[in-house]
Amino acid sequence: MCGIVGFVGEKDDALPFIFNGLKHLEYRGYDSAGIALASRSGIAIRKTQGKLAALGELLEALPSGIPCGIGHTRWATHGRPTNENAHPHVDCQGEIATVHNGIIENFHTLREELIAKGHHFQSDTDTEVIPHLLEEYQGAEDLVGAVRRAETRLEGSYAFLAISSRDPDRIVAVRRTSPLIIGLGTTANYLGSDFSAFLSATKQAQILENGDMAVITPHSVMITDQSGAVVDRPVITVDWDIKQAERGGHPHFMLKEIIEQPDVWGDCLLGRIRDNEVVTEEIGLTSERLARYQRIQIVAAGTAYHAGLIGKSLIERLARIPVNVDVASEFRYAHPILNKDTMVLAVSQSGETADTLACLRLAREQGAFTYSITNTVGSTVARESDAVAYTLAGPEIAVASTKAYTTQILVLTLLALSLAKLKGREHPELIKGLLQLPLLGHKVLNGKEDIKRMAARMADTHDVFYIGRGLDYALAMEGQLKLKEISYLHAEAYAAGELKHGTLALIQEGVPVVAIITQKDVWEKAVSNILEVKARGARVWGIVDDRLPASLPIDHYIPIPIGHALLAPVLAAIPLQLLAYYTAVARGEDVDQPRNLAKSVTVE
Ligand code: AGP
């Protein structure tokens, strides 16, 4: 939710760096954007509603050669996406500018207080209270002192950057929950909501902790904690390559991320299987630790929740340990019963999802062990968990999650195998299946052009049904979400056997149904469900085990080579992702940045 970038250098021009950094953060929000530069002659600012490209057209009006500035790309929470509500926001004198990610919960009270003192507000945002508070305090203090005082007044989860024309050689940054990272250069230092903001310049970074304030100049970084004491946060080296965060010749990040999955699966599994066994330590756990838990509670949102559903099935089948899976936004308010015998497992690509984080904190309060599966090193979820496993999928930029989802399933499979081993249940054939996956994944991708053709037919439909049984039902839920979020077609997933209990009434001539059949134990029953919808005139896209005959009553036949049946969802996810992708492209939608959504959901 919202991307923020800061640059302060010796003499380099801040503007191109900030604009480039925003390009890499645009996935976090893209309804408006802006940049402010600070020099002794004042704050120069340009901002606009719309995508970053619209801001690009305004930048010529900004002065060049100014080495200090901040930028923002917005996902609206308070106030519509208008020019006025775009960040940066400034004080009455135009001497202070701020960019902000998160929510200031007590903004209403502060705003009234500041208006009563004569401040003039220009936007509907919660953010605008920050520059006015700073203005209020800057009379007596420098920018650093003003920020220190102002932050004691702010409530909520947020991160913000502030610059001032009185102190144009520094940026003051505050982190309260929302992520903020410092990039360490030689003639400049940087700030970003995530690493990709400054990867083009440096791989050395310091992650601010919750409650930290940082003052960065071209040659220094000073971090203080909530008590005001100077602290030293570890310097880490980011192993992401800037190339990984670029499209690499593909028309969209989503297509690139779908196509790279087989290779990414190899990366995710590398070193985690030795002598046909899972190396439990390589997923952040030990056998002694795992042996302590009687129950597992998975919490996650969206696609990560769908991965959790598959994880539940795998763990219960292989290890016979009961697993609950809950949507994080529900779980956090459901008065859950947790204790030291429970492992609470958070699944989150970004590692910053507010609801998932809240569940982790609740779990810790209740004495449960917290474990997370995330793609983002140094993310809040990773740092606040007792143990963590990384999915190692590389940066996922498209808002629609693809490679993060399939690697989450892989790590959950490794967890299930580790738990099973403790119970004396070995599954060598599943280990073999894992190692075969990259090869099979490439085979599935060979059918890409066929799926593109089949998607052309999907593009002019509406109300698409996804059906499956068992693991295929869990996968159907992910398939329908992919289609909805990028093509804006209405889609719903149903357990195939449930159709006849009501939903079948909606099936009539031409209604699109995507049927998934990869699980041999329910082949016949699932085929019967296809016959039921065909008998009522449905048009069926069948993503099916390639051992099922092409003569099935399926209109668009998408065969999947099945290695191990429990891993079939990982392979079958590819055609579902491609079907959604090509449908959205055929409908002319903005695939990587679908309306109303953002990659990292850091608000409730
Ligand atoms: C998936 O395509 C969506 N972008 C969304 O459902 C996402 O999975 C969800 O917001 C959870 O995000 P997280 O994995 O970063 O926690």
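How far does a polar side-chain atom of Ser 348 lie from an oxygen atom of the ligand? Keep that in mind as you open the model, which is a predicted one.

**Stop 1: the ligand and its contacts**

Start by selecting Ser 348 together with the ligand. The distance from a polar atom in the side chain of Ser 348 to a ligand oxygen is 2.6 Å. Next, pick Ser 350: here too, an N or O atom of the side chain is 2.6 Å from an oxygen atom of the ligand. Now add Ser 401, and this time show the backbone, where an N or O atom lies 2.8 Å from a ligand oxygen. On its own the ligand has 410 Å² of accessible area, and the protein covers 90% of it.

**Stop 2: the shell around the ligand**

Widen your selection to the surroundings of the ligand. You should find 15 residues there, with Ser 348, Gln 349, Ser 350, Thr 353 and Glu 485 as the closest. Try colouring this shell by residue type: six residues are nonpolar, seven are polar and two are charged. If you switch on a surface, you can see where the ligand sits, in the largest pocket. Two elements, α9 (302–319) and α16 (471–487), each give two or more residues to the shell.

**Stop 3: a salt bridge**

Move on to Glu 113 and Arg 153. These two residues form a salt bridge, and their closest N and O atoms are 2.7 Å apart. What does this pair tie together? Glu 113 belongs to helix α3 (residues 107–116), while Arg 153 is in the loop between α5 (143–151) and β7 (156–164), so the bridge links parts that are 40 residues apart in sequence. The structure has 27 salt bridges, so there are others to look for if you enjoy the hunt.

**Stop 4: two backbone surprises**

Before the last two selections, a bit of background: most peptide bonds are trans, and most residues other than glycine have a negative phi.

Select His 87 and Pro 88. A cis peptide bond joins them, with omega at about 0°. Pro 88 is in the loop between β4 (68–74) and β5 (89–90).

Finally, go to Arg 320. Which sign does the phi of Arg 320 have? The angle is positive, about 55°, even though Arg 320 is not a glycine. You will find Arg 320 in the loop between α9 and β19 (323–327). Helix α9 may ring a bell, as one of the elements you met around the ligand.

How values were computed:
Residues numbered from 1 in each chain as written. Predicted model: local features only at pLDDT ≥ 70, side-chain atom pairs only at ≥ 80, totals over all residues. Heavy atoms only, no water. Near = heavy atom within 4 Å. Polar contact = N/O pair within 3.5 Å; in protein donor to acceptor, adjacent residues only side chain to side chain. Areas by Shrake-Rupley, 256 points an atom, 1.4 Å probe, with all protein chains shown as cover. 1 Å grid on protein atoms, 1.4 Å probe; cavity = no way out; pocket = protein on both sides within 12 Å on 5 of 7 lines; lining within 4 Å. Sits in = over half its atoms within 2 Å of the grid points. Helix = DSSP H or I, 4+ residues; strand = E, 2+ residues; numbered from the N terminus. Nonpolar A, V, L, I, M, F, W, Y, C, P; charged D, E, K, R; others polar. Salt bridge = Lys/Arg side-chain N within 4 Å of Asp/Glu carboxyl O.
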